[in-house]
Amino acid sequence: MKKLIGVGVVLMLFYGCNENKKESPIHSNHEVTNVEVQTARKTLSPHKSVMQMIGDAHIHIDYSSPGVRNRIIFGGLLPYDTVWQAGAHNATWIETNKDLIINQKELPSGRYGFFVIPSKDSWILIFNKNWEQHGKDEYSEQDDVLRFDVAPVTVNEVQEHLEYTIEKKDSDEGLIRLRWEKIEVKFPFKVKK
C-alpha cells in the first residue's frame, strides 16, 4: 500500500510539472540558459566625465578610470618613457569651446586626445588631434597639437582610481589635475581673451 501511495505521489508531481510546462513559457524546456540573471558587477575601469566653466570656457574631460588593485602602476604596469592614453580603454579626451593658453602656448578650441609619457622625474603631456581611438592604437606624434613637460608629485595616500579634476583659480584661469596611485600631475591654463 505504501508503495502505491509513493508511486501516486511521483506521478502527481510528474504530471503537475508537465501542466506547469504548458502554462509558463519560462519552464518550457527547463534549461537554465533561457533565464537571464542580472548580477551587480563592479566595472574595473568605470567611464567618468568632469566639466567646469572657467570664464566663458567650458572644459570637459572624458575618460575611463582604471584602479590600482595592488599593482605598481608607474614604472610597472605602465612602463616609463612610453605613450599612455591617460586612462583605460579609449583615449582620454579634453574639449574646450574657447582657445586656451597652456605653458605659454595656444591650444585652439576643439576636442583633443590627451596622452602622456610618464617617467620618474618628468612627464610629457600631449594634446593630439586624433581624439577618437582605442587606447593609443592610432597615436601619431605628427598629430600632436601641443606638448610640454611637467614634474610629477608623489603624494602620501594612494588614489585607487584614476581621477581628473578641473579647478577654477580665477575668472579666466584654471588647473587640470590627474591623480592615480601615489602620483599627481597638474598644469595651469588660462582662457585666451
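Begin by selecting strand 2 and strand 3 (residues 93-96), which are joined by 4 bridges and run antiparallel. Strands here are DSSP runs of type E with at least two residues, helices are runs of H or I with at least four residues, and both are numbered from the N terminus. Two strands are said to pair if DSSP finds at least two bridges between them. Within this pair, D62 stands opposite W93 in strand 3.

The model in the viewer is predicted: local features need pLDDT of at least 70, side-chain atom pairs count only at pLDDT 80 or more, and totals for chains, interfaces and linings use all residues. Residues are numbered from 1 along each chain as its sequence is written, and side-chain values use heavy atoms, with hydrogens and water left out.

**Strand 2 and its other partner**

Keep strand 2 (residues 57-64) selected and colour it by accessibility. How many of its 8 residues are buried? The count is 7, so strand 2 is largely enclosed by the rest of the structure. Buried means under 20% relative accessible area, exposed means over 50%, and partly exposed lies in between (1.4 Å probe, protein chains only).

Next, add strand 1, which pairs with strand 2 in the antiparallel sense over 8 bridges. M53 stands opposite H58 in strand 2. The hairpin of these two strands has 2 residues between the strands, and G55 takes a positive phi near 60° there.

**The sheet of six strands**

Now extend the selection to the whole open sheet, in which 6 strands follow the order 1-2-3-6-7-8 with antiparallel pairing. Strand 1 (47-54) and strand 8 (144-150) stand at the edges with a single partner strand each, so one side of each is left without a neighbour in the sheet. From one strand to the next, the twist averages 20°; axes are lines fitted to C-alpha atoms, for helices over the stretch in contact, and angles run from 0 to 180 degrees between N-to-C directions.

At the strand 8 end, select strand 7 (residues 123-128), which is joined to strand 8 by 6 bridges in an antiparallel arrangement. The residue opposite L146 of strand 8 is F127.

**The sheet of four strands**

Move to the other open sheet, where 4 strands are arranged in the order 5-4-10-9, again with antiparallel pairing. Its edge strands are strand 5 (105-107) and strand 9 (153-168), each of which pairs on one side only. The twist here averages 40° from one strand to the next.

Inside this sheet, select strand 4 (residues 100-102) and strand 10 (residues 173-191), which run antiparallel and are joined by 2 bridges. L100 stands opposite V191 in strand 10.

**A loop residue**

Select N103 in the loop between strand 4 and strand 5. N103 counts as partly exposed, with 42% relative accessibility. Add V150 to the view: 47 residues separate it from N103 in sequence, and the C-alpha to C-alpha distance is 9.6 Å.

**The whole protein**

Finally, display the entire protein, which has 1 helix and 10 strands. From the N terminus on, its elements run α-β-β-β-β-β-β-β-β-β-β. Of the 193 residues, 37% are buried. Among contacts with a separation of 6 or more, 52% are between residues 24 or more positions apart, where contact means heavy atoms within 4.5 Å. With the surface displayed, the protein exposes about 12300 Å², of which carbon and sulfur atoms supply 52%; accessible areas come from the Shrake-Rupley method with a 1.4 Å probe, and for residues only the protein chains shown count as cover.
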